[in-house]
Amino acid sequence: MATRLMFSAAALAVALAAGWIFRSMQEAEPIVAGPGVTAQRLLSASEPSLAGGPGDTPVFELAGAPGGTMLILGGTHPQEIGGVMAAILMVENARVKQGRIIVVPQANRSGFTHTDPMEAYLHRFEVETPAGPRWFRVGMRLTNPAHQWPDPDVFVHQPSLERMVGHETRNLNRNHPGLARGWLTARVSHALTAIAKEASIVLDLHEAQPEYPVINMMVAHENAFETAATAAATLQARRIPIGLSASPKNLHGLSHREFGDHAKAQAILTESANPAMGRFRGRTGEALVVEGRDPNYVRAAALKRLFVGFDERGWPLKLRVARNLASIKEIIDAFNDLNPQSPIVVENIPDYNEVVARGLGAFLQPPPRS
Amino acid sequence: MIDTAMALMIVYRLLALFVAVMMAVVLWRERDWRSQLFAALVFVPFVLRAAGVK
């Protein structure tokens with residue numbers, strides 16, 4: 001009787017403690033609307049079935065005089081925080097004089113509420129600002145299985161009928177253009193596609209492990225290739241190395257393919273180098289996630305196993321975010337040069353050199369008072 | 001309105017709850033302390049899944 005009571009009490013205590021930790025991961029970090037934000041809504045305004053559920057996510061609009069429209073997505077894969085933070089810095093700093101920029105910093109909101117088992121990921125990290133620390137979530141690539149389950153054995157993408165491994169049914173960047181009456185991830189994609197249909201150009205901000213060949217790269221749909229090539233050339237001229245790749249026509253579900261095919265927008269995806277995502281990484285602490293430093297990757301670079309350079313300075317978050325912000329600026333400039341009839345005129349995008357020199361905290365709004 | 005996805009999730013969580021309850025029954029029925037410990041260990045993830053937090 002005593003052991004039964006002891007094990008029952010211990011199991012309940014562990015379940016309650018673990019439950020409290022998992023519940024705390026559902027808390028959303030504050031994103032502060034900057035002075036340039038002219039409208040704010042939730043994604044459920046585009047897909048009502050998402051209302052009140054784990055897929056609903058903030059949508060920020062920065063608008064000026066009539067012009068072109070750009071959609072910026074961060075957090076399609078929630079552990080790719082260089083894209084998330086670049087989108088947040090746009091929301092908190094940019095001012096649009098002409099045209100419109102729609103920003104969804106946490107495109108797959110459900111993916112921010114969990115981390116993969118056995119990966120020992122950080123749940124959150126802090127950035128120091130002049131007015132105090134701001135905290136941000138580190139999520140995972142896929143929708144939380146507590147929100148969408150079970151996975152099929154084979155995921156059949158709609159409408160292409162391409163067959164993929166089952167867990168890709170929870171990968172937002174394999175679900176585009178989405179389904180109105182589908183799984184949670186497909187409905188989130190459907191809502192984003194509806195917004196993309198309003199846009200002339202879509203930019204989806206991603207990151208990848210340094211051992212992945214598509215790294216420090218723009219991947220562009222054929223209708224965006226001229227814009228992306230112009231932007232990439234300008235970035236190279238600014239000594240910000242970036243490659244350019246064409247979106248494969250037979251690889252479906254990805255934003256750079258489906259937003260171009262189905263939303264008729266110029267669709268571009270960017271990838272920066274995030275060592276916290278790689279298989280060579282050591283302890284996934286704040287030194288790796290925020291500072292981007294890892295001795296294993298220094299060794300891997302010496303053995304020529306990586307597709308980017310890697311030394312003791314690593315790939316800090318501020319550098320990756322600065323690259324993303326520079327890409328946004330150059331893509332907008334290239335779009336304006338090629339589409340002078342419907343320009344997007346933006347001010348106050350944090351400058352690459354300033355972000356690298358002063359860090360992210362200098363460009364974040366003060367933490368909101370609780 | 002309950003759609004197919006929601007119906008499957010409800011079935012899944014009911015199954016998880018069933019396993020959690022069965023583990024509690026096993027924990028109290030078994031005499032060997034090792035079987036009781038294993039039942040307690042298996043109980044935790046299933047009750048979290050049934051509650052929808054993991």
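Author: Let's start with a term: a salt bridge here is a side-chain nitrogen of Lys or Arg within 4 Å of a carboxyl oxygen of Asp or Glu. Keep in mind that this is a predicted model.

Reader: How many salt bridges does a search of the whole structure find?

Author: The general idea is that side chains of opposite charge can pair when their charged atoms come close. Over all chains, the search turns up 19 salt bridges. One of them joins Arg238(A) to Glu330(A), with the closest N and O atoms 2.7 Å apart. Arg238(A) sits in the loop between helix H4 (225-237) and strand S11 (243-246), while Glu330(A) belongs to helix H8, so this pair links distant parts of chain A, 92 residues apart.

Reader: Is Glu330(A) buried or exposed?

Author: Glu330(A) is buried, because its relative accessible area is 6% and the cut-off for buried is under 20%. Its partner Arg238(A) comes out as partly exposed, at 30%.

Reader: Which residue forms a salt bridge with Arg141(A)?

Author: That would be Glu80(A), and the closest N and O atoms are 3.9 Å apart. Arg141(A) lies in the loop between strand S6 (132-137) and strand S7 (154-156), and Glu80(A) in the loop between strand S3 (65-73) and H2, so the pair ties together parts of chain A that are 61 residues apart in sequence. Here too you get a mixed pair: Arg141(A) is partly exposed at 29% relative accessibility, and Glu80(A) is buried at 1%.

Reader: Where do Asp261(A) and Arg257(A) lie?

Author: For this one, think about helix geometry: an α-helix has 3.6 residues a turn, so residues three or four places apart point the same way. Asp261(A) and Arg257(A) are both in helix H5 (residues 255-262) of chain A, four residues apart, or about one turn of the helix. They form a salt bridge, with the closest N and O atoms 3.0 Å apart. Asp261(A) is partly exposed at 27% relative accessible area, whereas Arg257(A) is buried at 1%. Salt bridges can also share partners, and in that way Arg41(A), Glu61(A), Arg100(A) and Glu198(A) are joined into one network.

Reader: Switching to helices, what should the 13 residues of helix H2 of chain A span?

Author: At 1.5 Å a residue, H2 (residues 81-93) should span 18 Å, and its end C-alpha atoms are 18 Å apart, so the two agree. As for its setting, 13 of the 13 residues of H2(A) are buried, so the helix is largely enclosed by the rest of the structure. Two residues from that stretch, Gly83(A) and Ala86(A), are among those touched by Asn324(A). Asn324(A) is part of helix H8 (residues 317-338) and is buried, at a relative accessible area of 2%.

Reader: Which residues of H1(A) are buried?

Author: Arg4(A), Phe7(A), Ser8(A), Ala11(A), Ala15(A), Ala18(A) and Gly19(A). What covers them includes helix H1 (4-29) and helix H2 (33-51) of chain B. By the span test, the 23 residues of helix H1 (residues 2-24) of chain A should cover 33 Å, and the end C-alpha atoms are indeed 33 Å apart.

Reader: That takes us to the interface. What area is buried between chain A and chain B?

Author: In general, the size of an interface is often given as the accessible area lost when the parts come together. In this model that area is about 2,000 Å², and carbon and sulfur atoms give 71% of it. On the chain A side, Arg4(A), Phe7(A) and Trp149(A) lose the most area, together 33% of what that side buries. The chain A residues touching chain B divide into 15 nonpolar, six polar and two charged. Counting contacts, 23 residues of chain A meet 21 residues of chain B.

Reader: How many salt bridges does the rule find across the interface of chain A and chain B?

Author: Zero. There are, however, four residue pairs in polar contact across it.

Reader: One more: how far apart are Ile344(A) and Gly99(A) in sequence and in space?

Author: They are 245 residues apart in sequence, yet 4.6 Å apart in space, C-alpha to C-alpha. Ile344(A) is in the loop between H8 and strand S13 (345-347) of chain A, and is buried at 1% relative accessible area. Its contacts include Gly68(A), Met70(A), Arg100(A), Ile201(A) and Phe335(A). You've met Arg100(A) already, as a member of the salt-bridge network.

Technical notes. Residues numbered from 1 in each chain as written. Chains lettered and ligands numbered in written order. Predicted model: local features only at pLDDT ≥ 70, side-chain atom pairs only at ≥ 80, totals over all residues. Heavy atoms only, no water. Contact = heavy atoms within 4.5 Å. Buried area = accessible area lost by both parts, 1.4 Å probe. Polar contact = N/O pair within 3.5 Å; in protein donor to acceptor, adjacent residues only side chain to side chain. Nonpolar A, V, L, I, M, F, W, Y, C, P; charged D, E, K, R; others polar. Helix = DSSP H or I, 4+ residues; strand = E, 2+ residues; numbered from the N terminus. Buried < 20%, exposed > 50% of the residue type's maximum accessible area, 1.4 Å probe, protein only. Expected span 1.5 Å × (residues − 1).
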